[in-house]
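Q: Please take a close look at one part of this structure and walk me through it slowly, beginning with a single residue and then moving on to its partner and to other places in the chain. I am in my first year, so please explain each term when it comes up.

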Amino acid sequence: MASYQETLDWMFQQLPMYQKQGKTAFKKDLTNILKFAEELQQPQEKFKTIHVGGTNGKGSTSHMLASVLQEAGCKVGLYTSPHLKDYRERIKINGQMISESFVVEFIQQHQDFLARQQLSFFEMSVGMAFQYFSEERVDIAVIEVGLGGRLDSTNIITPEVSVITNIGLDHTQFLGNTYEAIAYEKAGIIKRNVPVVIGETLAETKNVFQQKANAMNSCIVFAEDNEFTEIDSDLKGSYQIYNKRTVLTALEVLKSVGWQLDDQSISRGIANTVKNTGLRGRWEVLQTEPKAICDTAHNKEGLKFVLQQLQEEPFEQLHIVLGVVNDKDLESILLLFPKTATYYFCKPNVPRGLDEKELEKISKSFNLVGRAFSSVEKAYLAANENAKNNDLIYVGGSTFTVAEII
C-alpha cells in the first residue's frame, strides 16, 4: 500500500499539472474527464451542484456559498483549487478535508486507468472529488472551475445555478488576450435552462454572456444590478464586497428554484466563512507586531484592490515580500506597486516561479527597489528583521508565495 505522500508524488510527477508546469499541462478538451466519469459510473450526476467560474474571487465566492449552505443544514461538498498547504484542501465536506486514506485508495484503485489514459493531475482530482461527494451523499457541492470554463474538467456537471464572478486578463496564453475571448471561455459553463449569475461585467463582456445565455435559454442575472444590506464577514479584504453581492444574488436564484435559505443562515454563513470552510490567504493577518498581511491576489484586477487597501492601513514604512510566477504580465502588475515600499524579491518554490534576480531587475525599471532572496521564507525573515513594530509587511504576488509562509 502506497503512503499518502507517495500517492501525491505519483500524481504530481507522472502527469502534467498546470499548477507546477504551466502551459504544457493545459488540456484542450474534455475527452479524458468524460472517459473517467464513465469509468466511475457518472458520480457527478448523483448530487446537486453550483458551478463557480470567473477570473478573480471564485475561491472566496465558492467558500461563502458553501458556508451559507452549511449554516442552512445541508451536507455540502466543496471542490476548489489550487491548494496552499495540503492537497486535501481541494476536496472538503462541511469544512472537513477528504481523508488521506480515501486519496490513497482512490488513486490505487484507478491507477491503471489513469496511467493508460494519461489523465492530468487536475482531471484525476476532479474525478476523485465527484466520487467522494457521491459516496458521501452530499446534498449539494460547490464546484470551482480550475481554468477557463468551456474546456475545464469540472464542466461536465449540470448545476442548479452557474456563477461567473468577473473577467480579467489572466492566463491569456490559454484563454485569449482580450476580455471578449476570455469571457467566451468562461461563459462555456452556462448550461441549457440553468440560470446564470454574473458578478461584474465590462462593456466588452456583458454582450458575450447575454448571447450565450440566450443561446442556452438560460435566465441571466447581473449581480451588479442588485443592492443588498452590508453583511459582515470574517473575510476582510475590501474586494469581498463584490464577491458578497455575487453570492447573495446566487442565493436569491437558489431560493427561486426551491432551496430553503433563511436570512439567518445567509448572514451567519457569510460572517463565518473562514471558520466554517478553513479558507486561508485572503487578506489574512499573519501577526500583529509588526503587522503582516498576506493575500493570494496575483493579477492586475485583484492586486489593484489589495494594494489600495494596504495604503489605507496605518504604518510608518511598508515592506513588501514579492514572488511571482513566470507567465504573468509583469508590466501591468508592477505599475500598481508603491515606489516608497522596501522590497524583498523571492522565487516561489515551484518550477514556474520567476527567478528572484530577474524579478529584482525588472522591478528596478519600475523604481521598485529592494533585495533578492533565494526563498520566500528568507525574504519574509528579512522583512521581519528590518521592520519596526509600527511598520507593515505585505506578502503576495502569487498563491505559491503565500503558501510558503502561512
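**A buried partner and other sites**

A: At 5% relative accessibility, Arg352 counts as buried, a word that here means under 20% relative accessible area, while exposed means over 50% and partly exposed lies in between, with a 1.4 Å probe and protein chains only. Before going further, please keep in mind that this is a predicted model, in which local features need pLDDT of at least 70 and side-chain atom pairs count only at pLDDT 80 or more, whereas totals for chains, interfaces and linings use all residues. Residues are numbered from 1 along each chain as its sequence is written, and side-chain values use heavy atoms, with hydrogens and water left out.

Arg352 has a charged partner, Asp327, with which it forms a salt bridge whose closest N and O atoms are 3.2 Å apart; the term stands for a side-chain nitrogen of Lys or Arg within 4 Å of a carboxyl oxygen of Asp or Glu. This pair joins distant parts of the chain, since Asp327 sits in the loop between β11 (318-323) and α14 (330-334) and Arg352 in the loop between β12 (342-346) and α15 (356-364), 25 residues apart. The names of these elements come from DSSP runs numbered from the N terminus, where helices are H or I with at least four residues and strands are E with at least two. Unlike buried Arg352, Asp327 is partly exposed, at 24% relative accessibility.

By the same cut-off, the count of salt bridges comes to eleven. Another of them joins Glu136 to Lys75, with closest N and O atoms 3.7 Å apart. Here too distant parts of the chain are linked, for Glu136 belongs to the loop between α6 (121-135) and β5 (140-144), Lys75 belongs to the loop between α4 (58-71) and β2 (76-79), and 61 residues separate them. Both partners are partly exposed, Glu136 at 33% relative accessibility and Lys75 at 29%.

A further salt bridge, between Glu252 and Lys255, has its closest N and O atoms 3.5 Å apart. Because these two residues are three residues apart in helix α10 (residues 240-256), about one helical turn separates them. Glu252 is partly exposed at 41% relative accessibility, and Lys255 is partly exposed at 27%.

Helix α10 also meets another helix, α4: the axes of the two come within 9 Å and cross at roughly 45°. That crossing makes α4 oblique to α10, given that angles under 35 degrees count as roughly parallel, over 145 as roughly antiparallel, 65 to 115 as roughly perpendicular and the rest as oblique. An axis in this sense is a line fitted to C-alpha atoms, for helices over the stretch in contact, and the angles run from 0 to 180 degrees between N-to-C directions. The crossing of α4 and α10 is right-handed, which means that the near helix is turned clockwise from the far one by less than a right angle, while an anticlockwise turn would be left-handed. Among the residues that meet at this crossing are Met64, Leu65 and Val68 in α4 and Val247, Ala250 and Leu251 in α10, where contact means heavy atoms within 4.5 Å.

After α10, the chain has a loop that leads to α11 (263-271), and Asp262 lies in this loop. Asp262 is partly exposed, at 40% relative accessibility, and its side chain reaches the backbone nitrogen of Ser265 at 3.0 Å. This is a polar contact, defined as a pair of N or O atoms within 3.5 Å; within protein, one must be able to donate a hydrogen and the other to accept it, and residues adjacent in sequence count only if both atoms are side-chain atoms.

A polar contact between two side chains, those of Thr154 and Asp152, is found at 2.6 Å. Thr154 belongs to the loop between β5 and β6 (161-164) and is buried, with a relative accessible area of 0%. Setting aside residues up to four places away in sequence, Thr154 touches several others, including His51, Tyr79, Phe122 and Glu144.

Ala383, in helix α16 (residues 376-386), is likewise buried with a relative accessible area of 0%, and beyond its neighbours up to four places away in sequence it touches His319, Val321, Tyr344 and Ile393.
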